[in-house]
Structures are given as C-alpha cells and as structure tokens.
Amino acid sequence: MKQHSVQRLLLVTNPHSGAGRGDGVAEAVLAVALAGGVEVAQVRAPSAAESVEQVAAAIADPARRPDAVVCVGGDGLMNVLLAAVAHTGVPLGLVPAGTGNDLARELGIPTGDPRAAAEIVLRGRAKTIDLGRIESVGATPTWFATIVGAGFDARVTLRANAMSRPRGPLRYTFAAAAELMRGYTLPFQIEMSGLAPGALDNPDDAHAVIYTDAVMTPIGNTRTYGGGMLVCPDALPDDGYLDITVVGAVSRLEMARLLPALSAGKRIDHPSTKRYRARRITVTASGGYATADGEPAGTLPVTVQAMPGALTVLVP
C-alpha cells in the first residue's frame, strides 16, 4: 500500500441510503474536502445506469479524471460503481451511509463517523483488492466486492430489502425469522475449479463437484454481509480466491439457534458446515435465488470467478 494524494474528487451520492441519511453525510464529506482545498465534482443521478455512465465519462476524460471516486451510500451504491471503477486504477473511497456497509467494515473504515471516513479519503492509502464476477440466470453479468448469497440467505436479503423497518442490521434478523417459516433447504450442486491446495476443507484435487442438501452457500470475497454476519470468516479480499461456506441441511430449530450468533458477528463452526476456497465456483439449485453485495442477482445457477487486483480502494 502507498499514500495517495487527492486533489480532485468525484463525489457520488445516494440520497436515499440509510433511510435518507445520504444527503447529510454528503454535506459532511463536502465540507471536509473543501476545507482541505480539494476540488469536488458531484454525481447525483436518478438511476444506477446514469451514475455509472457519468462516473465512467469523468474517468475517461483527462481534463476531469478524478484522483478518487467517493461513494456516499451503502453496499448497494458501491456495487453499482464497480462497473465504472474496476480496472481503471482510480481508487474508490467509501463514506458509509447505508444499512450494511460491509465493505467499509472489511476495510476498517468508520461506519458512524462521516468526517473520519472523509479524512481517510483525503489522507489514506491506496490498496488493491480482488473483485468477483458473477453470471446468473435472469441477470446481467456483474461485479461484486463482498459476498454472493445463494439459497436461504439470498431470500433473506431480498425480503430485508423490501422492508422499511426495523432500520439497520436488525432488519436482516427479522427477515431471516420470517423466511424460516418457509421451506429453506435445497439440493445443491457445487462445482469448484482452481481449488487452493490445502486450504480449509478443500479436497486434494484442483477440481471438484459436490452434491448436497444445504440451506445456503454464500460465496465470499470478503468475510461478512448483512451488517456484520460472519459467513465467510476466513475470506481474504486480496488472495486471488473466493471462499464458499456450505451450510448443510440443519433443522429449523438449529437454524433458529444459529441466526442470533450470526447476527452478532460470531464465527459459526457447526458440524454441518463446510468451507472451500477456489478461483471459480458454479452453484446450481432449482428454485434458488442469488444476491451480490446485497442486490438481486437473478436465480441459480450462478457462476462466480475471482478477479485478482481488479479494484483500488482507499483505506486507513
């Protein structure tokens, strides 16, 4: 990592992030930047596609190319911006204003102090991390930076996204409780290639196919989703691999016991859980849904691949 000099910022805001906190957080960031003598341009587009278009155009224009793109929002806006900043070398700075803010947590960026997060943008260090690329049924191939949900966890996320209350990570707990009342186990086929030798529960071969009944199979570039749920506890965002956690067919009662621990950010080492590390993973299960960085990502099957060094971020 190296110190990164910032003289020109592109500030991208989702005013609806965090139940409407986005605007207030953006004002705090703007104040810090202007006080530091930094030139600031802003993007407040009415749609995700227009946000990507405007950011990509600024990066491509030598006269406007920013020293950093600043995301004022949550993991949803971050996910949108990956299409514009991946492989450009322009760092992405995060000022959390969303519900989960899991990438910010992973990178050590304060989630409740916009001014402190803004200071990291101005005076932080540039670090290169991996991204994942996901292809699924019914969705355009896209990037992700944190975790792909596949199965029960994706259903929970989709339900939580549709809820207005409660606010914050507790929303995911309520959504999970509601989804437990439905059928939640599916027959999965998991194909993995480029398996990391000797890692986690990996078999000896470089390629493997697993057939198992499971609750969910989150695939992580980072460790958490849903505001700190530690579902891929050993994942590293700069190792060139993706981790997959296979939560086997546990009873409804056992799942209900596991959820509070997950919500509290505790590591779950359950006998029905296996973890693998690979460069490319395909997950198939009839009737299953997928999410990426907490956003809808179509239905299973999904194929995800690690993309080493695809993103530069600003960190403390």
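Strand pairing and cysteine burial in a predicted model

Strand 6 and strand 7 form a hairpin with 1 residue between them, and Gly-138 in this turn has a positive phi of about 80 degrees. The model is predicted: local features need pLDDT of at least 70, side-chain atom pairs count only at pLDDT 80 or more, and totals for chains, interfaces and linings use all residues. Residues are numbered from 1 along each chain as its sequence is written, and side-chain values use heavy atoms, with hydrogens and water left out.

Q: What makes strand 6 and strand 7 a pair?
A: Two strands pair if DSSP finds at least two bridges between them; strands are DSSP runs (E, at least two residues), numbered from the N terminus. Strand 6 and strand 7 (residues 139-144) run antiparallel and are joined by 4 bridges, so the criterion is met. Ile-134 stands opposite Thr-142 in strand 7.

Q: How do you know that strand 1 pairs with strand 6?
A: DSSP bridges between strand 1 (residues 2-3) and strand 6 (residues 125-137) number 2, in the antiparallel sense. Lys-2 stands opposite Ala-126 in strand 6.

Q: What joins strand 6 to strand 18?
A: The two strands run antiparallel and are joined by 12 bridges, strand 18 covering residues 295-315. Glu-135 stands opposite Thr-303 in strand 18.

Q: Why is Cys-71 called buried?
A: Buried means under 20% relative accessible area, exposed over 50%, and partly exposed in between (1.4 Å probe, protein chains only). Cys-71 has a relative accessible area of 1%, and is therefore buried.

Q: What makes Cys-232 buried?
A: Its relative accessible area is 1%, so Cys-232 is classed as buried.

Q: How many disulfides does a search of the whole structure find?
A: The search finds 0 disulfides, a disulfide being a pair of cysteine sulfur atoms within 2.5 Å.
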